[in-house]
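This briefing is meant for a reader meeting the structure for the first time. It begins with the chain as a whole and then turns to single helices, rings and backbone details.

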Amino acid sequence: MFASLRTRLWLTYFVLIAVILSVIGLSLFFYLIRNPVLYRANVEHLRISLAAITVRMDLFDTFPERQVQRIVDREDQVLKVRVQILRADGTVLVDSRQGNAPALAQLQPPLKPQNEVQNQPLFTSDDSGTIWLYRLGQLNDQYFVRVAIPRPRAALFGVLRDEFVLLVLRTGGIALLLALILGILMARWIAAPLQRMAVETHRVATGNFQDIPLEGPREVQELAQAFNQMTHRVQASQQSQRDFVANVSHELKTPLTSIQGFAQAILDGTASTPETLQQAATVISNEAARMYRLVLDLLTLARLDAGTENLQREPLDLAALLREVTDKLAPQARQSGVEIQLELQPLSMISGDADRLAQVFTNLVENGLKYTPAGGQVMLSASQANGVAEVVISDTGPGISAEEQSRVFERFYQADKSRRGGSGRGAGLGLAIARELILAQGGTIELFSVPGKGSKFVVKIPTDRL
Ligand code: ADP
């Protein structure tokens, strides 16, 4: 019933006003109950009666006790007040209503008679619980006189009924009605932008990726802004998934077409001589190997993305690892007429996955060899400072332009398509995998390059993660 924000807001206003009204009503009620104005006539009556009795009983000590009783009874009949003569310890000597009304609570000594100007009513109760208003005077050193009347209930309730209840009901009713109307209006005012946003988000959820307009209160605008950002990311992610599928299909299509073509040539006899058969089998084998490499790369990336690639964390000698990589690629370097240089400064042991790091550095050096023209150089250097091992692989190749530098680590990105071809060509996954592997081991990889002057890849790995 109170599921919607609007109803809840409205209810909040309503409850708030009701609580405020009740508090005001209650404080008014208590004010009225304690208000001396309500009992002014009674207090006055008590005061005059007390004054009269005190004067008339001036010579009280000389009266015999029976006469005292008669006097107080007469005063009671004339003045319509209960008259008590009290001893100094608060006990009753005579009471005009002795036997006719329940006894009044005894006053505790020392008794303090009220002076003339005091018109605050005093309250006491009798044995039956009835509340009495009273006033205390002094006859002489030993005796006091108390006059009392029952608290006039009718007066209190009359005032409450005539003035208070009506007032509260009227103003309360008007205030509640106003609160109701204002509450509905304000609840609408606050909830409307959110409702509009809900409609907009539904639209986006059905695939209509348009930005939600930034309007309404600041919080709603911020929500809309965050939602728009999320939409952009979802769109980008969907696009990259589409690109990924397209790229994989494309990369698989080329070798498959070759394999199919050469297999067909063998089948229909076009390739029949030993040389052509040999050539067809070589192409089929190379393309199958290329597809195999591609699938392995994709599996590695998928495992890195899912966080399931089991990277070892064993102490390893980075210098030895780099030497191995250089030795392994030396024949390839000789073949392409590029010189490999290795320059190692003292390195401490680091913790990491030796095979995966070797894969990264092999890929970076291979790229250098692949893109550097004959006569050029590929340099591999390593140093260590402040708990970080830094491996730099630089070449004297063509370099990579500024806008391509930010993209070479993307999956399937190949900066210069014209260089593609040959059995050694990659699919643009090498640097993407290298980056993921280095990040997974807590390191970083950066590229610095000036077109025409070569490229420099800098890999940093923390050494204190042993
Ligand atoms: P590939 O398998 O195609 O080499 P990579 O991810 O290793 O894929 O590299 C992505 C692209 O970055 C390459 O296609 C190439 O254009 C560019 N690139 C990488 N290394 C170098 C380099 N040392 N010099 C020039 N271009 C490079």
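A compact globule of 466 residues would be expected to have a radius of gyration near 23 Å, whereas the protein chain has 52 Å. The model is a predicted one, and along its principal axes the C-alpha trace of the protein chain spans about 160 × 55 × 40 Å.

**The chain as a whole**

- The protein chain is made up with ten helices and twelve strands among its elements.
- Of the 466 residues of the protein chain, 35% count as buried, and the surface that the protein chain exposes comes to about 27,400 Å², with carbon and sulfur atoms supplying 58% of it.
- When contacts in the protein chain between residues at least 6 apart in sequence are considered, 63% of them join residues at least 24 apart.

**Helix α6**

- Helix α6 covers residues 274–306, and because a helix is expected to span 1.5 Å a residue, its 33 residues should span 48 Å, which agrees with the 48 Å that lies between its end C-alpha atoms.
- The buried residues of α6 are A280, E287, R290, M291, L294, L298, T300, L301 and L304, and what covers them includes α5 (218–267), α8 (354–371) and α10.
- Just after α6 comes G307, which takes a positive phi of about 75°.

**Aromatic rings**

- A search of the whole structure finds three aromatic pairs; one of them is formed by F409 and F457, whose rings meet edge-to-face at 6.3 Å centre to centre, with 85° between the planes.
- F409 lies in the loop between α9 and α10 while F457 belongs to strand β12 (residues 455–462), so this pair ties together parts that are 48 residues apart in sequence.
- Both partners can be placed by their accessibility: F409 counts as buried because its relative accessibility is 10%, under the 20% cut-off, and F457 is buried as well, with a relative accessible area of 6%.

**Charges over rings**

- R82 lies over the face of W132, at 5.0 Å from the ring centre.
- In another such arrangement, the charged end of K456 sits over the ring of F448, 5.8 Å from the centre of that ring.

**Backbone details in loops**

- K80 has a positive phi of about 60° although it is not a glycine, and its place is in the loop between α3 (65–79) and β1 (82–87).
- K80 counts as exposed, because its relative accessibility of 59% is over the 50% cut-off.
- F412 likewise is not a glycine and yet has a positive phi, here of about 70°; this residue is found in the loop between α9 (402–405) and α10 (430–440).
- F412 counts as buried, because its relative accessibility of 7% is under the 20% cut-off.
- The peptide bond that runs from P109 to P110 is cis, with omega near -5°, and P110 lies in the loop between β2 (92–95) and β3 (122–125).

Notes
Residues are numbered from 1 along each chain as its sequence is written. This is a predicted model: local features need pLDDT of at least 70, side-chain atom pairs count only at pLDDT 80 or more; totals for chains, interfaces and linings use all residues. Side-chain values use heavy atoms; hydrogens and water are left out. Helices (H or I, at least four residues) and strands (E, at least two) are DSSP runs, numbered from the N terminus. Buried means under 20% relative accessible area, exposed over 50%, partly exposed in between (1.4 Å probe, protein chains only). The expected span of a helix is 1.5 Å times one less than its number of residues. Contact means heavy atoms within 4.5 Å. Rings of Phe, Tyr and Trp (its six-membered ring) pair if their centres lie within 6.5 Å; planes under 30 degrees apart count as stacked, over 60 as edge-to-face and the rest as tilted. A charge sits over a ring if NZ of Lys or CZ of Arg is within 6 Å of the ring centre and within 35 degrees of the ring normal. The radius of gyration is taken over C-alpha atoms; the globule rule is 2.2 Å times the number of residues to the power 0.38. Accessible areas come from the Shrake-Rupley method with a 1.4 Å probe; for residues, only the protein chains shown count as cover.
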